[in-house]
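Here are my notes on the model, as numbered points. Please keep the structure open while you read.

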Amino acid sequence: MPTYTLNINNTSYDADVAEGTSLLWVLREHLGLTGTKYSCGIAQCGTCTIHVDDNPVRACILQVENLANGQKIRTIEGLSEKGDHPLQEAWIAAQAPQCGYCQPGQIMQAAALLDKNPTPTREEIKSHMNSILCRCGTYLRVIKAVELASETKSQAT
Amino acid sequence: MKTTPSYSVKNVSRRQFLKSSSGVALLIGASGLLPHLISCKDSKKVREQLKKHELTAWVQITEDGQITIYNPAAEMGQGSMTALPLVFAEEMDADWSKVNVEFSPQESDIYGSEGWVPGSKLMFTVGSRTTKSYYPVMRKAGAQARYVLLLSVANQWKVPIGELTTMDSYVIHENSDRKISYGDVVPYLTMPGTLPDFNATGLKNPKDFRLIGSNIPRTEIPEKVNGSAQFAIDIRLPDMVYGVLERGELNGAKPSLKNEAEILGMDGVLKVVPFNYAIGIIAITLEGALNAKKSLKIDWSDAQAKGFNSQEIYPTYIKIASDNKKGETVNEIGNVDRAMKTAAKTYEVDFKNDYVYHAQMEPLNAVMQVAEDLKSAEIWVGSQQGPDTKLGIPDLLGIPHEAVKVHLQYLGGGFGRRSMNDFVLECGTLAREMAPLPVKLVWTREDDVTYGAFRPLSLQRLKACIDAEGKLTGFNHCVVGDGGNLVASGARNDHYNIPNQLVEWREASHGIRLKHWRSVGHGPNKFAIESMLDEIAYDQNIDPVELRKTLMAKSPRALATLEKAAEMAEWKVPSPEGRAKGVAFVEHGSLGTGICEISVDHNTGNIKVHRFWIALDAGVVVQPDNVRAQMEGGVIMGISSVLKEQITLVDGKVQQSNYHDYNLLRIQEVPDSVETTIIPSAEHPEGVGETATPMVASAIANAFLKLTGKRLRHLPFSRERVLEALNS
């Protein structure tokens, strides 16, 4: 069984898994980073969204051997130390989650947007967030939360 | 190999909580059990007492004033983790900032609330019953906790209990200008032999509520935004192994495995477990189990569903509806046949709906560990619970109820699917094979769709008649479909004053797995009823809101929602060019009127819902913002199902398998706003989780009729069906 060294949330992790194993199973079942969720396995729902080198990607369709070359992997656990990223605070202020299962993916997708575009329009938010499904129907509060975080961020700078 | 469950697992830690906190636990029992005091300084006694009274607690309080309140209901996004403890804290007069919430043990004798049978005790998070049924339970238990605190202070200070008041976790004696915090009462708590019942008197006057009716943030949201909220699928136990099942494409087909030796020879595969409808595989890793699942070679038997083509069944349903032989009567008022015969005009319209799938974001899964001697078991699961709070595991394993411990986890969506515990039994079967190793069973999304349990396909034949004055005198609603109440719920009209009504159900059966789906029969039946009313209004050239106002004359609460929604939506003000509004009324415990504004793309057939307004009467509202969230989510799930969602079967096999071919509404397709007005009320709280969803179909169809003069009578309103209607 090969060992893959992964750089996740600025920490080095070793994973002894078969070649071809989905990064999602490595994160969740082998390393215990369960904030990233499984829902479709075919990059249709965005629930497993993480960042690789600051880009939002779906962990379910990535194979572990392709992420073991020093790429910077960031999961919801690494978004902030105390759960106080402006998006996380905005998410609480908007009372966005219902069941909560898709929300780490929503937040990671939104974080990638605000990193590149701190003041997106509503249409830009919708377009960027369209890849993440929510069955509870929290979309209106997701939009509100991204707008709130965007305001906080732009006021802070 | 012997393993111990990890105590890092949340909600297992009540014993730990006590051990780690100095002070005293106040355990207030329900259902006639007496309260008991436990000194936490004597750890042996704690264990003894906990063993004796572990299942009697609603609340614990420590010397630092921290209060833990137990939530008896599943948390699937509807807010039970806040609403129920909030009601308790209101009567206890607790400082909410010091309250911590945990799931209660799954013991319905102690933690149940009244079910459909009067006097019954049920832990079952279904039918929007949680707040409604637990409201009196939590008020009484909270008032009893407060009483113990008052009594203890009265004894200590030697003052009459009637001179004491409470506020924000303080007991106050105004006459002597003294006050003491709840935490400081702990060292000299005294327990009465019996507790007052507080059924009729002694509860707070609702005008004094400080928590109920305020916008209190939900307790579990912070952990849902930092990734630490734990769902069953997140559980990891030492030496845990993984189970998956390959189920037949045809429901009920029996498997015959052709390559067992090959599968058992695969890397990491531990066991092959046959079921009568599936082949189970257990492996060291999840990826190993999934690889083996893909390699299975199985011959499947035939089953009842073979030959069933869902989209070709409607002519058969029409025949059944046209048959002279009546079905099972669901509701009957007056004499519909006579009304039809003497009517000035009659109407007859068929409405149809295809199968829909729950699509909860967390696929079904469970973790279970059976003891080596097979005499006890622990389950970690996201379940809507059930009549058996141990989810059928005692029967499966042949062990006593008390030997099964259920650790309820957050549900990554329920919508009715998790009130069926087929997946828990599967996990139990695998875990028994692997005892004492814990087994995590995971359904893939493909398993979840293709072996789904759907809201049934059905046909509603509605007949209505009016007299010479244009008054609606008869309403006949015939439901054809599989599943009894699954297709018949919501077909009654208790808030419309129509003198002659008949609701009947006519059975059809195809061997397809079926289950309650958010709002159950209300979805298709309200679609039919509310669309029918607009078809009559259109024909009679009456305003649809005015028609409903007349019908609601004897139901002032329903009427108030209609009038309020019309006001919010500026019903009488015409929509901008290319748009139109449609109205629908729904009763599902709470009463609500919804109005939407839509436009239609005549080239693509795409319907866009721009705005949605709801006026809701839910009695006393515990958490107003959460009720608004339920309306928003209910409307969006409604739009998703009405415009996009469809399960089809060909030769008995489900044709969809994942989100690429079972489409849900995405964020770019949401309305600009969903506005809710909550009508103030002092009536008993009613459920809100299923009131918005069934408004959507007819609100859209009615707006479509106003906009285009055409009718949409078959769910979902796919682009093809919309174009067909436009070109008709």
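1. Start with the weak stretches. In this predicted model, residues 45-56 of chain B stay under a pLDDT of 50. The model gives that stretch 18 contacts beyond four places in sequence. Residues 1-43 of chain B also stay under 50. For residues 1-43 of chain B, the model has 98 contacts beyond four places in sequence.

2. Now the overall scores. Chain B averages a pLDDT of 92. In chain B, 92% of the residues score at least 70. The model has an ipTM of 0.98 and a pTM of 0.94.

3. Next, the make-up of chain A. Chain A holds five helices and five strands. From the N terminus on, their order is β-β-α-β-β-β-α-α-α-α. Of its 157 residues, 59% count as buried. Take the contacts in chain A between residues at least 6 apart in sequence: 60% of them join residues at least 24 apart.

4. On dimensions, the C-alpha trace of chain A spans about 50 × 35 × 25 Å along its principal axes. What radius of gyration would a compact globule of 157 residues have? The expected value is near 15 Å, and chain A has 15 Å, so the two agree.

5. Chain A splits into domain 1 (3-78) and domain 2 (86-156). Their C-alpha centres lie 22 Å apart. The contact between them takes 14 residues from domain 1 of chain A and 12 residues from domain 2 of chain A. On the domain 1 side, strand 3 (49-52) and strand 4 (55-58) of chain A each supply at least two residues. Strand 3 of chain A gives the most to that side, with three residues. By class, the domain 1 side has five nonpolar, seven polar and two charged residues.

6. Then the contact between the chains. How many residues does each chain put in? Chain A gives 44 residues and chain B gives 45 residues. On the chain A side, helix 1, helix 2 (86-93), helix 3 (103-116), helix 4 (122-129) and helix 5 (139-156) each supply at least two residues. That side of chain A has 21 nonpolar, 19 polar and four charged residues.

7. Look at helix 9 (residues 286-295) of chain B. Which of its residues are buried? Leu286(B), Glu287(B), Gly288(B), Ala289(B), Asn291(B) and Ala292(B) are. Their cover includes a piece of the other chain, helix 1 (23-30) of chain A. From chain B, the cover includes strand 9 (241-247), helix 8 (260-264), strand 11 (269-274), strand 12 (278-283) and strand 19 (439-442).

8. Check two cis peptide bonds in chain B. One joins Ala435(B) and Pro436(B), with omega about 5°. Pro436(B) sits in the loop between helix 13 (422-434) and strand 19 of chain B. Another joins Leu715(B) and Pro716(B), with omega about -5°. Pro716(B) belongs to the loop between strand 29 (714-715) and helix 21 (719-726) of chain B.

9. Two residues that are not glycines have a positive phi. Ala43(A) has a phi of about 60°. Ala43(A) is in the loop between helix 1 and strand 3 of chain A. Is Ala43(A) buried or exposed? Ala43(A) counts as partly exposed, because it has 17 C-beta neighbours inside 10 Å; the buried class starts at 20 and the exposed class ends at 12. Asp239(B) has a phi of about 65°. Asp239(B) lies in the loop between helix 7 (221-225) and strand 9 of chain B. With 14 C-beta neighbours inside 10 Å, Asp239(B) also counts as partly exposed.

10. Last, Arg432(B). This residue lies in helix 13 of chain B. Arg432(B) has 18 other C-beta atoms within 10 Å, so it is partly exposed. What does Arg432(B) touch, not counting residues up to four places away in sequence? Its contacts there are Val370(B), Leu374(B) and Leu397(B). Arg432(B) and Ile212(B) are 220 residues apart in sequence. From C-alpha to C-alpha, Arg432(B) and Ile212(B) are 45 Å apart in space.

Technical notes: Residues are numbered from 1 along each chain as its sequence is written. Chains are lettered from A and ligands numbered from 1 in the order in which they are written. This is a predicted model: local features need pLDDT of at least 70, side-chain atom pairs count only at pLDDT 80 or more; totals for chains, interfaces and linings use all residues. Helices (H or I, at least four residues) and strands (E, at least two) are DSSP runs, numbered from the N terminus. Two residues are in contact if their C-beta atoms, placed from the backbone, lie within 7 Å. Ala, Val, Leu, Ile, Met, Phe, Trp, Tyr, Cys and Pro count as nonpolar, Asp, Glu, Lys and Arg as charged, and the others, Gly among them, as polar. pLDDT is the predictor's confidence in each residue, from 0 to 100. Domain bounds come from an automatic or database domain assignment. The radius of gyration is taken over C-alpha atoms; the globule rule is 2.2 Å times the number of residues to the power 0.38.
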